[in-house]
Amino acid sequence: MTTTSPPLIEVRRLKKYFGKPERPVRAVDDVSFAIHPGETLGLVGESGSGKSTIGRTVLRLVERSDGEVLYRGEDIGALSAEKMRRLRSKLQIIFQDPYASLNPKMRISAILGEALSTHGLAPGRAARDKRIAELLELVGLRPEHASRFPHEFSGGQRQRIGVARALAVEPEFIVADEPLSALDVSIQSQVINLLADLRERLNLTMLFISHDLDVVEYLCDRVVVLYLGKVMEVAETDALFERPLHPYTRALLAASPKPDPTLKTEHVPLTGDIPSPMAPPSGCVFRTRCPHAIDACAQHVPPLEEVAPGRWSACIRKEIVLMKAAA
Amino acid sequence: MTAPRLTVQHLSTSFPTEDGLVRSVADVSFTIDPGKTTALVGESGSGKSVTSLTLMRLLAKTANAQVSGQTAFVTREGTTIDLLSLPEPAIRRLRGNQLSMIFQEPMTSLNPVFTIGEQIAESVRLHKGLDRARALAHAKRMLDLVEIPASAQRLHEYPHQLSGGMRQRVMIALAMACDPTLLIADEPTTALDVTIQAQILELMRRLQAETGMSILFITHNLGVVAHHADDVVVMYAGRVVESAPVGPLFAAPQHPYTQGLLACLPGKARPPGQARPKRLFAIRGQVSSPLAPPPGCAFEPRCDHAIDACRAAMPELVNTGVSRQARCVHVAPVLKEAA
């Protein structure tokens, strides 16, 4: 899917360091990508790869350390608090844990109503109630659920409420931060279908953060693969899953077992643990676990380069990457 | 054909609560063959973990669990015993020795105030009567066995000094210390990243090949089941709804719940070379409350094939082929043949 329209969200050389400046935790280290209108971009990686921090930094829920986040060409990091508050109706988030992200003391009507009144939408009791009923129906719940409290719902229903709250303010862009990982498999597919339907009906642009590669393959148009706060590979979903180029992507795909006993995956588990983001390896951050690492990998940080149209990979062992690309 | 390592028959576990009796596990039967892995699959509340805790006799006394049923566990010495009726001192001699367990969260299942060497040594001192020095030497061998680098140094470290994957390796070393014949692994890789999960699964596979132990693998991850189980038992609302060898189960699931569970996986949605379907299959609704189970089949309210007979009574678990069972009115029973 090549699109010529300007990106809705553009992230340029984003950095987010935590802790003391002398010895920072490099949670996000020089990450760039763009999301086009209507596109769903997947952000995959293991713990500590910086996926959630990117999601939060993009929405300015945490302040970046360096770099830019452009929304329709405008750097949101430079906006005043007042302008940012108004812009928030366009940029929303769905959280991972539907148990922790709903206030247990608020009725569903208040949870959704708060989002509406903050942005001055649906003013007046009647209009507000009508909009809340619409939102509940939109996510597959019933209008009478508005008077209930979060504890009266199951995990899947709570996640639907989380989706309704994000949609209440008619956003253009949604960060979905592991929205399915707290749910059981049979409930997961209900929420996947809901997200896919709403995306189409409301023409939403999404940043979909997940560690579940199967879900990413199903829902996303393009994928950014992260490791220790850095981008390893960017590709369109089908291309990435059919022919992963970067050694880390290949290892990640091989490690995730497909639910089919007849498919034998090439079994080369990565050795070792993910290094600490406080002391990342020099050069390529993946080199300590990479089966193809050579001395030169420790010297320089490999740049993210376009190796095929729309495919970017950060690896200096071009012959290995390109051999895979040609195979 | 050798006798199964463990046979579980009609196991039920209920808990009295203020709101009534909750039957967490109801009439569960399955077997685990020597040297094989049986996976217990199900979603939250299906009774997987209660089944394993009942078998290990680890349910808290204060829970006042009501347990019924029989088990036949073949010990290392070849005697057959019933884990459920064994007196407490006898089960204590088995637990951590012939019967071991690893848990989902390696941080909370290791003791934070003892070094990992001391924790592994404790079980061999207790069960094998080794002295302190020999027990520590054994602990070091166990750390080597689970491929922990610099084991001599790690021996004296505390759980918080290790990563999640390393902690789960320590848990496995602890469980393997007395050379168990049956290892119960309750979601052992759920808290781990996929590349670490692959390492731990590979390790468990290697240890099983070397020691011939049986594994009861409790998980909700069907991808892991597909590649690491020999037999699969699918649970729903405390009951076994289907059991089969792994190949036939994935190729031709018989129970509507198993069919739905496999159909709703995004990883199965796209056959190679074809476009993604617009919608995933979804099982509608949600699991009924264990306090108010439906009168008939527990899956009936969510089932697309439900008929009146489903609401009348709970279907029996019937034999449907070689080593296959299912609990559904639509599945025709097959007379038990010489398998």
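Two residues are taken to be in contact if their C-beta atoms, placed from the backbone, lie within 7 Å. With that in hand, the helices and sheet of chain B make a good starting point. The model described here is a predicted one.

In chain B, helix H7, which spans residues 164-176, lies across strands S6 and S7. Its direction runs at about 170 degrees to that of S6(B). Both strands belong to an open sheet of 8 strands, and following the sheet across gives the order S6-S7-S8-S3-S9-S10-S12-S11 in chain B, with mixed pairing. The edges are formed by S6 (99-102) and S11 (318-321) of chain B, each of which pairs on one side only. From one strand to its neighbour in this sheet, the average turn is 20 degrees when direction is ignored. Helix H1 of chain B (residues 48-56) also packs on the sheet, where it touches S3 (37-41), S6, S7 (182-186), S8 (214-219) and S9 (231-236). The direction of H1(B) makes about 145 degrees with that of S7(B).

At the S11 end of the order, S11(B) pairs with S12(B), residues 324-326, in the antiparallel sense over 3 bridges. One of the residue pairs to look for here is Gly321(B) with Arg324(B), its bridge partner in S12(B).

Turning to chain A, strand S3 (residues 40-44) is mostly covered, with 5 of its 5 residues buried. In a regular strand, side chains alternate between the two faces of the sheet. In S3(A), Thr40(A), Gly42(A) and Val44(A) point one way, while Leu41(A) and Leu43(A) point the other way, and all are buried. The strand has parallel partners in S8(A), residues 205-210, over 5 bridges, and in S9(A), residues 222-227, over 4 bridges. Within these pairings, Gly42(A) stands opposite Phe208(A) of S8(A), and Leu41(A) has Arg222(A) as its bridge partner in S9(A).

On the scale of domains, chain A is divided into domain 1 (9-90 + 171-326) and domain 2 (104-170). Their C-alpha centres lie 31 Å apart. The contact between them takes 11 residues from domain 1 of chain A and 12 residues from domain 2 of chain A. On the domain 1 side, helix H6 of chain A (residues 185-202) gives the most, with 5 residues. That side of domain 1 of chain A divides into 9 nonpolar residues, 2 polar residues and no charged ones.

Methods:
Residues are numbered from 1 along each chain as its sequence is written. Chains are lettered from A and ligands numbered from 1 in the order in which they are written. This is a predicted model: local features need pLDDT of at least 70, side-chain atom pairs count only at pLDDT 80 or more; totals for chains, interfaces and linings use all residues. Two strands pair if DSSP finds at least two bridges between them. Helices (H or I, at least four residues) and strands (E, at least two) are DSSP runs, numbered from the N terminus. Axes are lines fitted to C-alpha atoms, for helices over the stretch in contact, and angles run from 0 to 180 degrees between N-to-C directions. Domain bounds come from an automatic or database domain assignment. Ala, Val, Leu, Ile, Met, Phe, Trp, Tyr, Cys and Pro count as nonpolar, Asp, Glu, Lys and Arg as charged, and the others, Gly among them, as polar. A residue is buried if 20 or more other C-beta atoms lie within 10 Å of its own, exposed if 12 or fewer, and partly exposed in between; C-beta atoms are placed from the backbone.
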